[in-house]
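Please walk me through this structure for someone who has not seen it before, beginning with a single pair of residues and widening the view from there.

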Amino acid sequence: MAIIAIGIDLAKNVFAVHGVDAAGKAVLVRPAVRRDALLELMAKLPPCLIGMEACSGAHHWARQFQQFGHQVRIMAAKFVAPYRLSGRRGKNDAADAQAICEAVQRPQIRFVPIKSEDAQGRLSIHRVRQGFIEQRTATINRIRGLLSEYGHVLPQRAEVVRREAGQCLEDLPGWANTAIGDLLSELHRLDERIAEYDRHIETMAKADDRCRRLMSIPGVGDKTATALMASIGSAHDFKCGKQLAAWLGLVPSQYSSGGKQRLGRITKAGDGYLRMLLILGARAVVANANKKDDRLSRWVADLAERRGYWKAVVAVAAKNARMAWAMLSKGEAFKPLT
């Protein structure tokens, strides 16, 4: 069997495999391969192109298959759906594997960079920290909701809730006092865990020379730098900075036809966490632009005045993404505009 491309539909226990030869004929069709037999099956095959959807475990399997000499490509699920011959009505694991096999051979498909174990470990710190932040926000909202039942309406600011919720405990009946007191204790515990993970990220940023270079960009701190490094590495999977900005969803969506260009809102494609970090950093740059007199600050202030605050924020975030690509791919340091 001269297999040149294989599509694998990943799952927890049972996988679907579809392989084709140079003529496009299916020569390996396995609609049900158990988890413990998948690695053995790939080890017996000659080196070929393997495609998978970006999902849980995709990077782990990609690293395993690369050890056998295979060329592995991971792609977003939305790029696979158009190649499913039977459409939505005929969706099953075998059809998905066939569509993945077809999509991975298309040269215009954009693939997801394969992450190392260390990069995934660094990203897990970010993910757990973000989960703690979401729990803290939910806890604060729960405290505000319960206190409003007893006539204590607090503003949304977290600092005010921490300060005034404790003062309201004496006015609450027994069981309500117990519930609010436990929530305040949980809120304090979450604050400590988030501060601990902030120190982890700070340590990672200080230990990596490339992160320190990225942090010299205005609007890029330790969290953005470490997340970028763990997600894109040396950025060699992107041909240019504009392609990285498009992958992050920081470019306008197009509805152009008949030679007339129509640009809409940003696409919001790609990694929403990275995009959020870049947007938050850009907001700080725009907020302080009027207080500085360098070339970048003058450009930001003029853009905000001409195009509006949010368009200026997105423009700064996209520019930071392009500068980050240039610094990572070429190994250069940040050079401020004079």
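**From one bridge to the packed helices**

In strand β3, R30 is the bridge partner of V17. The model in view is a predicted one, and this pair of residues is a convenient place to enter it. Strand β2, which covers residues 14-20, is joined to β3 by six bridges, and the two strands run antiparallel.

Strands of a sheet pair through backbone hydrogen bonds, in either a parallel or an antiparallel manner. Here β2 and β3 belong to an open sheet of six strands, whose order is β3-β2-β1-β4-β5-β6 and whose pairing is mixed. The edges of this sheet are formed by β3, residues 26-34, and by β6, residues 111-112, each of which pairs on one side only.

Helix α1, made of residues 35-44, lies across four strands of the sheet, namely β1 (5-9), β2, β3 and β4 (49-53), and it runs at about 150° to β3.

Strand β2 also takes part in an aromatic contact, for the structure holds five aromatic pairs. In one of them, the ring centres of F15 and W61 are 5.5 Å apart and the ring planes stand at 75°, so the pair counts as edge-to-face. This pair links distant parts of the chain, since F15 sits in strand β2 while W61 sits in helix α2 (residues 58-66), 46 residues apart.

The path now turns to the helices. Two packed helices are described by the angle between their axes together with the distance between those axes. Helix α5, which spans residues 117-148, and helix α9, which spans residues 222-232, have axes that come within 8 Å and cross at roughly 135°, and that angle makes α5 oblique to α9. The crossing of these two helices, α5 and α9, is left-handed. On the α5 side the meeting residues are A119, R122, L123, H126 and R129, and on the α9 side they are K223, T226, A227, A230 and S231. Sorted by class, the contact of α5 with α9 has four nonpolar, three polar and three charged residues.

Helix α5 also meets helix α6, residues 158-167, where the axes come within 11 Å and cross at roughly 50°; α5 and α6 are therefore oblique to each other. The crossing of α5 and α6 is likewise left-handed. From α5 the contact draws on R136, I140, I143, R144 and L147, and from α6 on A158, V161, R162 and A165. By class, this contact of α5 with α6 has six nonpolar and three charged residues, with no polar ones.

Definitions and conventions
Residues numbered from 1 in each chain as written. Predicted model: local features only at pLDDT ≥ 70, side-chain atom pairs only at ≥ 80, totals over all residues. Heavy atoms only, no water. Axes fitted to C-alpha atoms, helices over the stretch in contact; angles between N-to-C directions. Parallel < 35°, antiparallel > 145°, perpendicular 65-115°, else oblique. Left-handed = near helix turned anticlockwise from the far one by under 90°. Contact = heavy atoms within 4.5 Å. Nonpolar A, V, L, I, M, F, W, Y, C, P; charged D, E, K, R; others polar. Pairing = 2+ DSSP bridges. Phe/Tyr/Trp six-rings, centres within 6.5 Å; stacked < 30°, edge-to-face > 60°.
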